[in-house]
Each structure stands twice: as structure tokens, then as C-alpha cells.
Amino acid sequence: MRKTLRVLFVITFSLLLLGGVGCSRSGKTRTRVSGLVTVDGRPAKVGRVTFTPVGGGRAYSDSISGGRYAVRSRYSMPPGEYTVRVECSGDGTGRGGFDRQMTDKVAITGFGRDTYDFYLK
């Protein structure tokens, strides 16, 4: 009897464990987004890139360092339309705030990795 209960427990636990493998929060494919940000043709030294879903929801962002950003979150980004806000400092220090800004729209595909570069003047 104990052996039967033990086997049933192992089978149930295994099924529960396998059922959760590969699941993400929304059940959709998610992707990591990265890219380059330049100001007047040079890599932006400091700044921030923020992706906000067009229909509302959780925003995803990363700081710009050496002209590059990579939005890394625990669950990455679900596919869909996003409004992107790029803010950076023209003087490269960020002490005077982010005086260079732009807004754009992008479509995240959900195929693992997307790259979006932004060029500010």
C-alpha cells in the first residue's frame, strides 16, 4: 500500500513539474530587445529607453550605456505594438537632465530577439 502511494505521489509531482516547464506569465512567446542609440551620429553615453504597450500595460526599460541598451526582464517582452521613448543627454553627462528625446512606435515580433536602433539629432 505504501509503495502504491509513493508511486502515485511521484507520478503526480512529475506531471505538475512538467506542466509548468516552458510557461511564461502570459503564455505568449516573449522576446529580448536591444539596440544602439546615437546622438548626432555618436553613441549616446547616458540615457534611457522605455517600451510601453500601445494598449496599456507594464512598461519595459533599460538605461543606455556606451550607446547600447538591452531590455532584460525576468519574463522578457511579449509581442505586440509598443510606444518607445528614448531620452538621453546631448552633453553625455546627464547632469542637466535628458535634453534629447524622441518617441516612436515599434512592433515586437516575439521570435526571441529584436533589435531596434534609434538616431537622435
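At 18% relative accessibility, does Glu87 count as buried or exposed? Glu87 counts as buried, because the limit for that label is a relative accessible area under 20%. The model behind this value is predicted, and the paragraphs below go through it from the whole chain down to single residues.

The protein chain contains one helix and nine strands. Followed along the sequence, these elements give the pattern α-β-β-β-β-β-β-β-β-β, with the helix placed ahead of the strands. Of the 121 residues in the chain, 31% are buried. The accessible surface of the chain is about 8100 Å², and carbon and sulfur atoms account for 54% of that surface. Contacts that link remote stretches of sequence can be counted as well: among those between residues at least 6 apart, 58% join residues at least 24 apart.

The strands can now be taken in pairs. Strand 3 covers residues 46–53 and runs antiparallel to strand 6, with seven bridges between them. Two positions show how these strands are matched. Gly47 has Cys88 as its bridge partner in strand 6, and Arg48 stands opposite Glu87 in strand 6. Strand 3 is also joined to strand 4, again antiparallel, by six bridges. Here Val46 stands opposite Ser65 in strand 4. Strands 3 and 4 form a hairpin with six residues between the strands, and in this hairpin Gly56 has a positive phi near 95 degrees. Strand 6 pairs with strand 7 as well, in the antiparallel sense, over nine bridges. In that pairing Val84 lies opposite Asp104 of strand 7.

Which residues touch the most other members of the largest nonpolar core? They are Val37, Val49, Phe51, Tyr69 and Phe118, in a core of 20 residues. Several strands contribute to this core: strand 1, strand 3, strand 4 (60–65), strand 5 (68–71), strand 6, strand 7 and strand 9 (118–120) each supply at least two residues. The largest share is four residues, and strand 6 provides it. Tyr69 shows what such a position looks like up close. Leaving out residues up to four places away in sequence, Tyr69 touches a list of residues that includes Val37, Val49, Phe51 and Phe118. Among its other contacts are Val33, Leu36, Ile64 and Tyr116.

Charged side chains are the next topic. How many salt bridges does a search of the whole structure find? The search finds two. In one of them, Arg100 is joined to Asp40, with the closest N and O atoms 3.2 Å apart. This pair links distant parts of the chain, since Arg100 belongs to strand 7 and Asp40 to the loop between strand 1 (32–39) and strand 2 (42–43), 60 residues apart. Arg100 is partly exposed, at a relative accessible area of 21%, and Asp40 is partly exposed too, at 44%. Arg100 therefore misses the buried label, because that label requires a value under 20%.

The side chains of Arg85 and Glu87 also meet in a salt bridge, at 3.4 Å from N to O. Arg85 is partly exposed, with a relative accessible area of 33%, whereas Glu87 is the buried residue of the opening question.

Asp114 gives a contrasting case. This residue lies in strand 8, which spans residues 113–115. Asp114 is buried yet has no salt bridge. The nearest side chain of opposite charge belongs to Arg113, 9.3 Å away. That distance does not qualify, because a salt bridge requires the nitrogen and oxygen to be within 4 Å. Setting aside neighbours within four places in sequence, Asp114 is in contact with Thr31, Arg32, Val33, Ser34, Ala107, Ile108 and Thr109.

The last stop is a loop. Where is Ser89 found? Ser89 sits in the loop between strand 6 (80–88) and strand 7 (100–108). Ser89 is buried, with a relative accessible area of 3%. Apart from residues up to four places away in sequence, Ser89 touches Val46, Gly94, Gly97, Phe98, Asp99 and Arg100. Two of these names have come up before: Val46 stands opposite Ser65, and Arg100 forms the salt bridge with Asp40.

Methods. Residues numbered from 1 in each chain as written. Predicted model: local features only at pLDDT ≥ 70, side-chain atom pairs only at ≥ 80, totals over all residues. Heavy atoms only, no water. Buried < 20%, exposed > 50% of the residue type's maximum accessible area, 1.4 Å probe, protein only. Contact = heavy atoms within 4.5 Å. Pairing = 2+ DSSP bridges. Core = buried A, V, L, I, M, F, W, Y, C linked by side-chain atoms within 4.5 Å. Areas by Shrake-Rupley, 256 points an atom, 1.4 Å probe, with all protein chains shown as cover. Lys, Arg positive; Asp, Glu negative; His and termini not counted.
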